[in-house]
Amino acid sequence: MFLLKYRICDEDLADRSVDDFDNDDILEGQLELVFNDKNFGYCDEDIPFGHELLVTWFKLLNHAKNKIKSGEKYVAIPDIESLRWFEFISVGTDIRVNLIKSRLKNFSDLVFTEPIEPEYYIWRDVVIGKDEFISEIESKTKQFIDDVISLNPSLRDSKVLKELKRLFMCEDDGDMLNR
């Protein structure tokens with residue numbers, strides 16, 4: 001099982017202009033990734049704040065999804081606020097997911113397709129369905145875009161949301177460097 005949960009907690013979103021939104025590319029909130037019995041992050045309606053960078057997370061997850069869909073066997077994306085990385089290893093109709101702590105400290109790539117050296121495994125070998133992973137990211141990305149537009153209709157034509165639409169529709173233009 002794979003679930004992607006999020007909650008937009010940006011009080012100023014309704015008043016932001018397209019230019020401001022496109023220039024800072026930041027929308028804060030809560031994010032929780034559930035891989036069977038392993039959770040990362042949180043999504044709790046009783047907590048009125050969240051500091052995850054939702055746009056960045058949706059971009060990273062869509063890049064990973066697109067790489068998996070295009071046949072890559074290994075994809076790694078960072079938790080940009082720590083030295084933790086998610087490894088997605090495609091095996092047939094499944095994906096093995098590891099959460100690792102890496103020694104990588106200086107890197108310019110945000111999506112890796114070559115294995116990175118773990119310092120240690122936080123958890124490993126959690127098996128999820130590839131189709132479920134792809135479907136969940138695509139449906140939640142579409143929902144996220146729709147939610148942003150419903151909170152601020154003027155953002156419909158923002159560059160940020162157009163880029164997310166391209167990514168969720170598998171038009172990965174490689175704007176995040178790959179290794």
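Reader: Why is D24 called partly exposed?

Author: D24 has 35% relative accessibility, and buried means under 20% relative accessible area, exposed over 50%, with partly exposed in between (1.4 Å probe, protein chains only). The value lies in between, so D24 counts as partly exposed. This is a predicted model, where local features need pLDDT of at least 70 and side-chain atom pairs count only at pLDDT 80 or more, while totals for chains, interfaces and linings use all residues. Residues are numbered from 1 along each chain as its sequence is written, and side-chain values use heavy atoms, leaving out hydrogens and water.

Reader: And R16, is that residue buried or exposed?

Author: R16 has 12% relative accessibility, so it counts as buried.

Reader: What makes D24 and R16 a salt bridge?

Author: The term asks for a side-chain nitrogen of Lys or Arg within 4 Å of a carboxyl oxygen of Asp or Glu. For D24 and R16 the N to O distance is 2.5 Å, so the pair fits the rule. D10 joins R16 and D24 in a network of salt bridges. By this rule the count comes to 11 salt bridges.

Reader: How do you know that D125 and R96 form a salt bridge?

Author: Their closest N and O atoms are 2.8 Å apart, and the cut-off is 4 Å, so they qualify. The pair links distant parts of the chain, 29 residues apart, with D125 in strand β8 (residues 118-129) and R96 in strand β7 (residues 94-102). Strands here are DSSP runs of E with at least two residues, and helices are runs of H or I with at least four, numbered from the N terminus. D125 has a relative accessible area of 37%, so it is partly exposed. R96, at 29%, is partly exposed as well. D125 also meets R124 in a salt bridge, at 3.8 Å from N to O.

Reader: What makes β7 and β8 a pair?

Author: Two strands pair if DSSP finds at least two bridges between them. β7 and β8 have 8 bridges, in the antiparallel sense, so they pass. One of the bridges joins D94 to G129 in β8.

Reader: Which strands make up the open sheet, and in what order?

Author: The order is β5-β6-β7-β8, with antiparallel pairing. β5 (74-78) and β8 stand at the edges with a single partner strand each, so one side of each has no neighbour in the sheet.

Reader: Why do the buried residues of helix α4 line one face?

Author: The buried residues of α4 (residues 159-168) are V160, L161, E163, L164, L167 and F168. Seen down the axis, they fall within an arc of 155 degrees, so they line one face of the helix. That arc is taken from the directions from the helix axis to the C-beta atoms. Their cover includes α1 (18-24), α2 (54-69) and α3 (130-151).

Reader: What makes a set of residues a nonpolar core?

Author: A nonpolar core is a set of buried Ala, Val, Leu, Ile, Met, Phe, Trp, Tyr and Cys residues joined through side-chain atoms within 4.5 Å. The largest one here has 42 residues, and among those that touch the most other members are F21, F86 and F144. Helix α2 gives the most to this core, with 8 residues. A second, separate core of 8 residues includes A76, W85, L104 and I116.

Notes:
Contact = heavy atoms within 4.5 Å.
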